[in-house]
Amino acid sequence: LIAGTHSGVGKTTITLGLMSALKEKGYTVQGFKAGPDYIDPSHHTAITGLPSRNIDTWLMNRDVCLELFEHALVDSNIAVIEGVMGLYDGCLDGSELGSTAHLAKILNVPAILVMDAKGMSRSAGAVVLGYKNFDRDVNIRGIILNRVKSERHYASLKASIERNCGIPVLGYMPFHEDITLPERHLGLIPSIEQEFAKSTYQKIGSLLSNTVDVDRLINIAASSEGLPSYKKTVFSGINERFDFRVAVAVDEAFNFYYQDNLDLLESYGIELTYFSPLYDKYLPADIDGLYIGGGFPELQAAVLAANTTMKESIRKAHKNGVVIYGECGGMMYLLEHLVDFKNKTHEMCGILKGTTTMENKRQGLGYITVQALHDNILCKKGETFKGHEFHWSSLHVPEDTRFAYAISKCDDKKSKMDGVFADHVLGSYTHVHFASDPRLAIHLLYAIAKRL
């Protein structure tokens with residue numbers, strides 16, 4: 001597990017470099033990401049060739065975390081888990097929930113701590129000692145240093161850490177401008193949009209192999225004691241089967257999906273068929289459901305608006321009773337209009353009443369608890385579940401709009417409204433992981449069955 005002392009320390013770069021180096025050595029690598037994130041896993045997948053998975057100790061209980069981890073390991077022989085924020089950072093309620101450290105303990109895996117060494121020498125030992133002693137149950141087995149200035153600088157850092165902390169320094173990453181991964185308002189740019197990515201991954205992997213002891217990292221991984229016992233509740237014991245065909249939107253505008261969400265739907269017998277709202281003229285034929293995930297519709301708004309045949313195809317599907325679920329970016333597409341960062345208005349599908357407007361600062365970020373205010377295609381009135389939000393747009397709807405949800409942050413009990421719905425359609429900012437509450441997938445499938 002690759003953890004960091006704080007956000008921006010280089011976890012993603014080192015994770016990608018390690019995955020690339022392991023692939024070069026012939027390993028079948030399964031990537032994971034701690035916490036609610038779609039973009040970093042897209043880069044994992046591009047390198048490993050296997051869909052990266054998210055495991056989150058706030059969204060999911062202990063047994064579900066263990067089940068999803070083991071479920072994904074079937075076709076691989078080594079796992080690399082990228083942490084979130086700093087090692088001990090998670091939900092803002094002060095607990096360890098959602099943190100990389102909590103996940104390391106649940107999965108019983110060794111952690112490698114990445115730290116930014118810029119402007120530091122002997123003090124590095126004090127930093128590592130603090131992380132080591134903060135929670136002795138976290139098995140920190142090695143240190144990788146980032147932004148090391150020179151071999152002399154590295155020798156000073158290594159000596160301080162190993163003498164004072166008893167944890168080996170496994171190597172370092174020097175700073176190289178030509179391997180910087182580009183970012184924008186939601187974080188890194190997803191791999192689906194980066195044609196240069198493969199050569200960049202190889203550069204990072206080659207660089208890491210020259211300065212980090214990869215073989216020692218492999219030995220540390222091999223020393224893992226195995227998973228603790230747990231009860232399977234997500235993929236096992238599925239008795240119901242549904243003979244449905246669900247279309248899933250995937251392109252540069254819509255690509256935020258948890259792989260386990262898609263896998264769980266398929267476990268119920270659902271046939272998933274993929275399409276592009278940007279490039280395809282029509283929806284796939286004979287579909288019973290439509291799933292449009294998050295992404296960057298605001299950056300593709302002009303193309304989405306210009307694809308009138310696709311919008312009309314979605315309107316026709318809606319009139320014919322197809323169940324439609326739009327999540328964040330998907331909701332933005334289902335609404336009437338989208339106002340982009342340049343204040344230009346684009347016509348969207350118009351299935352739901354309202355407009356989203358891109359703002360100059362974040363409008364929502366973090367874990368949320370969701371309470372259903374009305375029956376909808378995902379849940380029943382009064383039910384609660386966990387989710388997360390991350391968006392830069394604001395929602396503007398008619399005054400008489402009925403909202404599907406009341407949502408509140410884990411550290412703040414004040415609630416706000418979310419979720420625009422109408423009979424067999426739902427659009428909301430809330431991102432959900434079906435494994436956190438499998439009832440959500442069941443409700444969606446029952447909603448489709450009801451329309452047939």
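Is Glu162 buried, partly exposed or exposed? Select Glu162 in this predicted model and colour by accessibility to follow along. Glu162 counts as partly exposed, because its relative accessibility is 30%.

**Stop one: a pair within a helix**

Keep Glu162 on screen and add Lys158. Their side chains meet in a salt bridge, with N to O at 2.9 Å. Now show helix H6, which covers residues 151–165; Glu162 and Lys158 sit four residues apart in it, so about one helical turn separates them. Lys158 has a relative accessibility of 26%, so Lys158 is partly exposed as well.

**Stop two: a pair between two strands**

Next, select Arg245 and Glu271. Here is another salt bridge, with the closest N and O atoms 3.1 Å apart. This pair links distant parts of the chain: Arg245 belongs to strand E10 (residues 245–249) and Glu271 to strand E12 (residues 271–275), 26 residues apart. Arg245 counts as partly exposed at 22% relative accessibility, and Glu271 counts as partly exposed at 42%.

**Stop three: a helix and a strand**

Move on to Arg315 and Glu347. The closest N and O atoms of this salt bridge are 3.5 Å apart. Once more, distant parts of the chain are linked: Arg315 lies in helix H11 (residues 308–319), Glu347 in strand E17 (residues 345–347), and their positions lie 32 residues apart in numbering. With a relative accessible area of 44%, Glu347 is partly exposed.

**Last stop: a network**

Finally, select Lys33, Asp40 and Glu82 together. Salt bridges with shared partners join these residues into one network. If you would like to keep exploring, the model has 19 salt bridges by the count used here.

How values were computed
Residues are numbered from 1 along each chain as its sequence is written. This is a predicted model: local features need pLDDT of at least 70, side-chain atom pairs count only at pLDDT 80 or more; totals for chains, interfaces and linings use all residues. Side-chain values use heavy atoms; hydrogens and water are left out. A salt bridge is a side-chain nitrogen of Lys or Arg within 4 Å of a carboxyl oxygen of Asp or Glu. Buried means under 20% relative accessible area, exposed over 50%, partly exposed in between (1.4 Å probe, protein chains only).
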